[in-house]
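Here are my notes on the model you sent over, as numbered points. Have it open while you read, since each point is tied to particular residues.

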Amino acid sequence: MKAITRVTLFFFIIVSVITSFSMPVVMADEKEVLSKELSTLYRSARKVISVNQKHINDASIGDKGLSGKAVVDKAKENYKASTGADLNLATNTQAKEAMLSAVNDVMDEAQELINESGVGFKGFLPAIFARQVATKFTSKMDGKIKIKLTAPKKYVRNRANRPDKWEHKTIESKFKSSSYEKGLPFFENTTVKGKPAYRYILPEYYSKSCLGCHGTPKGEVDITGGKKEGGVLGELGGAISLSIFE
Ligand code: HEC
């Protein structure tokens, strides 16, 4: 072997060894793609619940046909409708499978509750579904990736959904700024409780369907027994927050 070839080979081996040790679970730009895919999938699944809310609340029907499998299939359809492409399970398979499996488990566990005939409102709402899916997803990922539905501090109903410092800062200084482009996610490498993480947060706005509970008059009791926030159409109402740990 020529000396030059040997030197090249030597460097190649050194570089490979170093990168294989320091390689994070997911590479940097891949993290943005994965965050987008996971947040879209999360919303696609939650949409199945919001579209079926009346059906779920119907006291005259028993079986709602919303098994784990049915909701996963429908979530994939919604995903395709919103992105124009099938969910790609060839990359970051574990994380996307974990999300689908979390959706499946939450629905399977909700069967008794949602299929009870004779009961109208059952408290099974998109945000409750989203919180349960988030908890299951995070545990399936061993905490390596976390997802959370949060909201502007003044609009948080469930303390478990309160924004942390970084989320609060991003919501108040970026999402609420009039110059911030509507719907644009914000992401950066920072920390979560001191641990280095890639963080990604996507703003969400109140649509008409939200205002029956989150709208006006502020303080009026809604169907869930909670107090309306006084939110208005198009106002920033929440955010999906993801953390990918190194
Ligand atoms: C039927 C009433 C109802 C409707 C309709 C509704 N929500 Fe909620 N929302 C709730 C309740 C109750 C909670 C608290 C859930 C929990 O305990 O985690 C909640 C929680 C949330 C949260 C999590 C933060 C928090 O306050 O705890 C966000 C974000 C949110 N809703 C946004 C929306 C948006 C956006 C829509 C419309 C697309 C919507 N909601 C429609 C009742 C509703």
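1. A word on terms to start with: a residue is called exposed when its relative accessible area is over 50%, buried when that value is under 20%, and partly exposed in between. With 57% relative accessible area, K69 therefore counts as exposed. Keep in mind that this is a predicted model.

2. The overall layout. The protein chain has eight helices and four strands. Reading from the N terminus, the order is α-α-α-α-α-α-β-α-β-β-α-β. Of the 246 residues in the protein chain, 39% are buried. If you take the contacts with a separation of 6 or more, 66% of them are between residues 24 or more positions apart.

3. Helix α4, length check. This helix covers residues 68-83, and at 1.5 Å a residue its 16 residues should span 22 Å; the C-alpha atoms at its ends are 22 Å apart, so the two figures agree. Just after α4 comes G84, which has a positive phi, near 85°.

4. Helix α4, its two sides. Which residues of α4 are buried? They are G68, V71, V72, A75, N78 and Y79. Looking down the axis of α4, you find these buried residues within an arc of 120°, so they line one face of the helix. The face turned away from that buried side carries the exposed residues K69 and A81.

5. A salt bridge inside α4. K69 turns up again here, paired with D73 in a salt bridge whose closest N and O atoms are 2.7 Å apart. Both residues sit in helix α4, four residues apart, which is about one turn of the helix. D73 has a relative accessibility of 31%, so it counts as partly exposed, whereas K69 is exposed at 57%.

6. Helix α7, its buried side. In this helix (residues 165-175), the buried residues are W166, E167, T170, I171 and F175. Around the axis they cover an arc of only 130°, and that puts them on the same side of α7. Among the elements covering these residues are β1 (145-150), β2 (186-192), β3 (195-205) and β4 (236-245).

7. Helix α7, its start. What caps the N-terminal end of α7? That is D164, with a side-chain oxygen 3.2 Å from the backbone nitrogen of W166.

8. The charged residue on the buried side of α7. E167 has a relative accessible area of 2%, so it is buried. Its side chain meets that of K148 in a salt bridge, at 2.6 Å from N to O. K148 lies in strand β1 and E167 in helix α7, so this pair ties together parts that are 19 residues apart in sequence. There is a wider network of salt bridges here too, linking K148, D164, E167 and R199. Note that D164 in this network is also the capping residue of α7.

9. A salt bridge across the sequence. The whole structure holds 15 salt bridges. One of them joins E204 and R46, with the closest N and O atoms 2.5 Å apart. E204 is in strand β3 and R46 in helix α2 (residues 28-51), so the pair ties together parts that are 158 residues apart in sequence. Buried or exposed? Both E204 and R46 are buried.

10. The iron. How many donors does the protein give to the iron atom of the ligand? A single one: NE2 of H214, 2.0 Å away. H214 is found in helix α8.

11. E229, next to that histidine. E229 lies in the loop between α8 (211-214) and β4. At 9% relative accessibility, this residue counts as buried. Its side chain makes a polar contact of 2.9 Å with the side chain of H214, and another polar contact, of 2.7 Å, with the side chain of R157. Leaving out residues up to four places away in sequence, E229 touches Y155, R157, Y206, C213, H214, G215 and K218. If you look at one spot first, I'd pick this one: H214 both donates to the iron and pairs with E229.

Note on methods: Residues are numbered from 1 along each chain as its sequence is written. This is a predicted model: local features need pLDDT of at least 70, side-chain atom pairs count only at pLDDT 80 or more; totals for chains, interfaces and linings use all residues. Side-chain values use heavy atoms; hydrogens and water are left out. Helices (H or I, at least four residues) and strands (E, at least two) are DSSP runs, numbered from the N terminus. The expected span of a helix is 1.5 Å times one less than its number of residues. Buried means under 20% relative accessible area, exposed over 50%, partly exposed in between (1.4 Å probe, protein chains only). The arc is that of the directions from the helix axis to the C-beta atoms. Contact means heavy atoms within 4.5 Å. A polar contact is a pair of N or O atoms within 3.5 Å; within protein, one must be able to donate a hydrogen and the other to accept it, and residues adjacent in sequence count only if both atoms are side-chain atoms. Donors are N, O and S atoms within 2.8 Å of the metal (3.2 Å for Na, K and Ca); water is not among the atoms, so sites may look incomplete. A salt bridge is a side-chain nitrogen of Lys or Arg within 4 Å of a carboxyl oxygen of Asp or Glu.
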